[in-house]
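This briefing introduces a protein chain together with the molecules placed beside it. Please keep the sequence and the structure in view while reading.

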Amino acid sequence: MIQFNQVSKRYPGGFEALKNLSFQIDAGELVFLAGHSGAGKSTLLKLIAGIDRPTAGSVVVNGQNLASISRGALPFLRRHIGLIFQDHKILFDRTVFDNVMLPLDIVGYDRREAARRARAALDKVGLLGREKLNPISLSGGEQQRLCIARAVVHRPSILLADEPTGNLDRAYALDIMELFKSFHQVGVTIVISAHDESLMADYGRRILRLNKGQFTQ
Ligand code: ADP
Ligand code: ADP
């Protein structure tokens, strides 16, 4: 599903954020990505999402080599990927519902089908009663749930979450982890990054540990 072969990423300016990484994530796996701030977690997730390209090696996602994929094919690939990134901002000038509709509006779904899917996604994250609100009135944990609803509304086969529990109290963080577990149970491939490993330990899943762009044990 996701395969890195001797992947390096050097940013303009020369900093090498990832160094010769090789690994594979199978379809339906839930994998954690651990490492201190600056270890390269976001960089790795951006390469999987096709937001950035490797400077060396190959990144293969859903059978497509992202190093050689055409620009035209990228949006199609992205439709199979749900992103929960820290800089994926909620739009505060529209309702909770419209925030979740946004990815579907872009793809051009039939309005009624889109609305049905948006409600299903909001239901899944426990925000169905809140859809008419402005997201500003949601708590931090609820805003994170909104981001998750928006990320899954087009039913991606891969879900990438960059520090999804970073700013949350432990109880809210555990709720969010349970949500990811429920998507994992229906077969979605999931990669979750965090600098705090304590949340990961309980789940008995594979942990990829990054340190200065390289894997450690
Ligand atoms: P993490 O997500 O683990 O905190 P990042 O992948 O964000 O790590 O960053 C890894 C390293 O790459 C950091 O040292 C960071 O400063 C550097 N870096 C990230 N993005 C850029 C960029 N666009 N240009 C230059 N350096 C970058
Ligand atoms: P639908 O009414 O769209 O068939 P489901 O009840 O099957 O909805 O799922 C509820 C929501 O779960 C979906 O609208 C979607 O947001 C989310 N979801 C994301 N990925 C998947 C998946 N692979 N399988 C099932 N549900 C998913």
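According to an unreviewed UniProt entry, residues 2–217 form the feature "domain: ABC transporter". The model shown here is predicted. Across residues 2–217, helix makes up 34% of the chain and strand 26%, and the C-alpha atoms at the two ends lie 20 Å apart. The points below treat the two ligands and then the largest pocket.

**Surroundings of ligand 1**

- The residues around ligand 1 include Tyr11, Phe15 and Ala17, as well as an unbroken run from His36 to Thr43.
- Helix H1, which spans residues 41–49, gives the largest share of this shell, with three residues.
- Sorted by class, the shell around ligand 1 holds four nonpolar, six polar and one charged residues.
- Two backbone contacts involve oxygen atoms of ligand 1: a polar backbone atom of Gly40 lies 2.9 Å from an oxygen atom, and a backbone N or O atom of Lys41 also lies 2.9 Å from an oxygen atom.
- In the side chain of Tyr11, an N or O atom is 3.5 Å from a nitrogen atom of ligand 1.
- On its own, ligand 1 has 560 Å² of accessible area, of which the protein covers 61%.

**Surroundings of ligand 2**

- Among the residues that surround ligand 2 are Ala120, Ala121, Val152, Val153, Pro156 and Phe183.
- Helix H4, residues 111–124, supplies the largest share of this shell, namely five residues.
- The shell around ligand 2 consists of eight nonpolar and four charged residues, with no polar ones.
- Three side chains place a polar atom beside an oxygen atom of ligand 2: that of Arg155 at 2.5 Å, that of Arg116 at 2.6 Å and that of Lys124 at 3.3 Å.
- Ligand 2 taken alone exposes 530 Å², and the protein buries 72% of that area.

**The largest pocket**

- How much space lies in the largest pocket? The value is about 510 Å³.
- Its lining comprises 16 residues, and those nearest the centre of the pocket are Arg78, His88, Pro103, Ile106 and His154.
- At least two lining residues come from each of helix H2 (74–78), strand E6 (81–84), helix H3 (96–107) and helix H5 (140–152).
- Helix H3 contributes the largest share of the lining, four residues.
- By class, the lining of the largest pocket has nine nonpolar, three polar and four charged residues.

Methods
Residues are numbered from 1 along each chain as its sequence is written. Chains are lettered from A and ligands numbered from 1 in the order in which they are written. This is a predicted model: local features need pLDDT of at least 70, side-chain atom pairs count only at pLDDT 80 or more; totals for chains, interfaces and linings use all residues. Side-chain values use heavy atoms; hydrogens and water are left out. A residue is near a molecule or strand if one of its heavy atoms lies within 4 Å of it. A polar contact is a pair of N or O atoms within 3.5 Å; within protein, one must be able to donate a hydrogen and the other to accept it, and residues adjacent in sequence count only if both atoms are side-chain atoms. Accessible areas come from the Shrake-Rupley method with a 1.4 Å probe; for residues, only the protein chains shown count as cover. Ala, Val, Leu, Ile, Met, Phe, Trp, Tyr, Cys and Pro count as nonpolar, Asp, Glu, Lys and Arg as charged, and the others, Gly among them, as polar. On a 1 Å grid over the protein atoms alone, a cavity is a set of points where a 1.4 Å probe fits but cannot get out, and a pocket is an open set with protein on both sides within 12 Å along at least five of seven lines; lining residues have an atom within 4 Å of a point. Grid points are joined across faces, edges and corners, and a volume is the space filled by probe spheres set on the points. UniProt positions are given in the numbering used here, feature names are shortened, and annotations may be inferred rather than shown by experiment.
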